[in-house]
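Biologist: I have a new structure open and I would like to learn how to read it. Could you take me through some features, step by step?

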Amino acid sequence: PPYVIVSSLGIGDSKVNCILVDAPTVAQRSNIICRTNKLNSLELPGVFKFELAEQNKLKVLAYPDLFSERYLTIPETLLIRESYKSLYDLICTNIRNRNVNKFVALVTGVPGIGKSMFILYFIYRYLQGEDLHKKSFVIQYDNHKYYHFHSFINENNEFNFSISKLSCHLYTFDIENQILLVDFKDTSEPMNLGKATIIHSSPNEMRYKQSMNSMNHFKYYLPTWSYEEIKRIDEDENNWRHNFEIFGGVPRSIFSTDSENKLAEALVKKGSIIASCFSKSDHGNIDSESCYMLLHINPLYKVVDDVWIYDSAAVYTFASNYVFIKIYELNVKLINSFALDIFNIRKGNETYCGSSTGNLFEKLVLFVYPLNSKRFDVTRFDNSETFTINVPSVSHDLPYDWDSVGLELNKLYIPKVSNLESGNSFFAGEYGGGIVLVVFQIT
């Protein structure tokens, strides 16, 4: 003690070709952390160059080749989403918190919304901070190697540095004092944790289950994109509005040429699974293998304060009203059979959780009795005037930022779960010489 001798040539007492290993570290993790400099490491030069553009956009003018190898293409300009800013601040608050010596932060969400690009924004903000000469961080893309970024020189937002490419099992730096950024290609998870480990991953526990057993762990949901955010990367709405209404706020699906084929396949293969889970427990028990082209997860959105609660429990919604309708059309018998149980109050209360029964009832009513094109005779409270309301035939998802986008007259809006707490759908129309907001509350 404090060292143990580990033979590299098999089991036994031989001291030939052996290395010295810090015993406490070995006890914490199964792999070996080597304390010798005789390693197969490679020093590479590198440069980051950023330029802050107008309208909260970040130009990434230079970056190391390893980013191209991992992501193939990186957009020259990144939109600095408000969620990027908030998540960076949350994570750095934990890094600076002296009460938290080691922690794991999981940044997750629907595939295709920019979790990997958040790494570039994180690096940009991190390098802008004070004590730049002391800064270093580690990037890990698989369980075979680390990339240790160190020895920075800052000249006019151009950051020159050295990269040590090191074996994952034998390396020269102390990982436990490093900022570790993880974005694995496969479904494995990191074998070692840094002082702060930030894992960027789609929802799949195989990528982070053991890591999230750390005493200090945080799970943050990155929200899907709003209508206005998509518009900031392409001002011509005609290029993408149709796809936005089909796929929801997922740029990868919106701007891909084969997304409709993938969605059609997902509806056939996964639609019945989603319909069954939804009808039984309101999106509950959705596993990591479910198709997130059909189902979206977001953090809780507080309408009153206009903020996302990034560390809240996941809020599940259908990807779009289009997907909602298609799932019903393909699985009408299955959903109707569950609906009968829900509509029967006695059986519903016996079969389902009481608080969920009402929510399921409301949603299933919209499935089996859609409001589109319905007519209602209504009476005013103040003067007993009666008139007929014609519900629009066209329905749209209500975007999260609907108050800034504005609503169109004579279009039925169906809010997502966290949009509106007091109504199931609504529209605005001209009645009695003025504009009337009609809100439907199913009960």
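Modeller: Gladly! Let us begin with a loop: Gln55 sits between strand β3 (42–53) and strand β4 (57–62). Please keep in mind that this is a predicted model.

Biologist: Is Gln55 buried or exposed?

Modeller: For that we look at the relative accessible area, where a value over 50% counts as exposed. Gln55 has 52% relative accessibility, so it counts as exposed.

Biologist: And what about the backbone there?

Modeller: Here is the general idea: most residues other than glycine have a negative phi. Gln55 is not a glycine, yet its phi is positive, about 60°.

Biologist: Where else can I find a positive phi near 60° in a residue other than glycine?

Modeller: Try Asn410, whose phi is near 60°. Asn410 lies in the loop between helix α13 (402–405) and strand β20 (412–415). With 45% relative accessibility, Asn410 counts as partly exposed.

Biologist: Which turn residue of the β17 and β18 hairpin has a positive phi?

Modeller: That is Ser384, with a phi of about 60°. In this hairpin, six residues lie between β17 and β18. The two strands, β17 (residues 375–379) and β18 (residues 386–390), run antiparallel and are joined by five bridges. To see one pairing, find Thr379, whose bridge partner in β18 is Thr386.

Biologist: How do I read the two faces of a strand?

Modeller: Check which residues are covered on each side. In β18, Phe387 and Ile389 make up the covered face, while Thr386, Thr388 and Asn390 make up the uncovered one.

Biologist: Which residues cover the two sides of β11?

Modeller: Ala196, Ile198 and His200 are on one side of β11, and Thr197 and Ile199 are on the other. Both faces are covered, and these residues are all buried. Strand β11 spans residues 196–200, and five of its five residues are buried.

Biologist: Which strands pair with β11?

Modeller: Strand β6 (residues 103–108) pairs with β11 in the parallel sense over five bridges. There, Ala105 stands opposite Ile198. Strand β10 (residues 179–182) also pairs with β11 in the parallel sense, over four bridges. In that pairing, Ile179 stands opposite Ala196.

Biologist: Now for helices. At what angle do α3 and α4 pack?

Modeller: Helix α3 (residues 82–96) and helix α4 (residues 117–128) pack at about 60°, and their axes are 10 Å apart. That angle makes α3 oblique to α4. The crossing of the two helices is right-handed.

Biologist: Which residues make the contact between α3 and α4?

Modeller: From α3, the contact uses Tyr84, Lys85, Leu87, Tyr88, Asp89, Ile91 and Ile95. From α4, it uses Met117, Phe118, Tyr121, Phe122, Arg125 and Tyr126. Sorted by class, this contact has 10 nonpolar, no polar and three charged residues.

Biologist: How do I follow a single residue to its neighbours in space?

Modeller: Compare separation along the chain with distance between C-alpha atoms. Leu334 and Ser276 are 58 residues apart along the chain, and their C-alpha atoms are separated by 7.3 Å. Leu334 belongs to helix α10 (residues 332–343) and is partly exposed, with a relative accessible area of 28%. Leaving out residues up to four places away in sequence, Leu334 touches Ser272, Ala275 and Ser276.

Biologist: What does Ser253 touch, not counting residues up to four places away?

Modeller: Ser253 touches Asn243, Phe247, Ser259 and Met293. You will find Ser253 in helix α7 (residues 251–254), and it is buried, with a relative accessible area of 12%. The C-alpha atoms of Ser253 and Asn243 are 7.8 Å apart, with their positions 10 residues apart along the chain.

Biologist: How far apart are Phe318 and His296?

Modeller: Phe318 and His296 are 22 residues apart in sequence and 5.9 Å apart in space, C-alpha to C-alpha. Phe318 is in strand β16 (residues 315–318) and counts as buried at 8% relative accessibility.

Biologist: To finish, how many helices and strands does the protein chain have?

Modeller: The protein chain has 13 helices and 22 strands. Of its 443 residues, 48% are buried. Among contacts with a separation of 6 or more, 53% come from residues 24 or more positions apart.

Technical notes. Residues are numbered from 1 along each chain as its sequence is written. This is a predicted model: local features need pLDDT of at least 70, side-chain atom pairs count only at pLDDT 80 or more; totals for chains, interfaces and linings use all residues. Side-chain values use heavy atoms; hydrogens and water are left out. Axes are lines fitted to C-alpha atoms, for helices over the stretch in contact, and angles run from 0 to 180 degrees between N-to-C directions. Angles under 35 degrees count as roughly parallel, over 145 as roughly antiparallel, 65 to 115 as roughly perpendicular and the rest as oblique. A crossing is left-handed if the near helix is turned anticlockwise from the far one by less than a right angle, and right-handed if clockwise. Contact means heavy atoms within 4.5 Å. Ala, Val, Leu, Ile, Met, Phe, Trp, Tyr, Cys and Pro count as nonpolar, Asp, Glu, Lys and Arg as charged, and the others, Gly among them, as polar. Buried means under 20% relative accessible area, exposed over 50%, partly exposed in between (1.4 Å probe, protein chains only). Two strands pair if DSSP finds at least two bridges between them.
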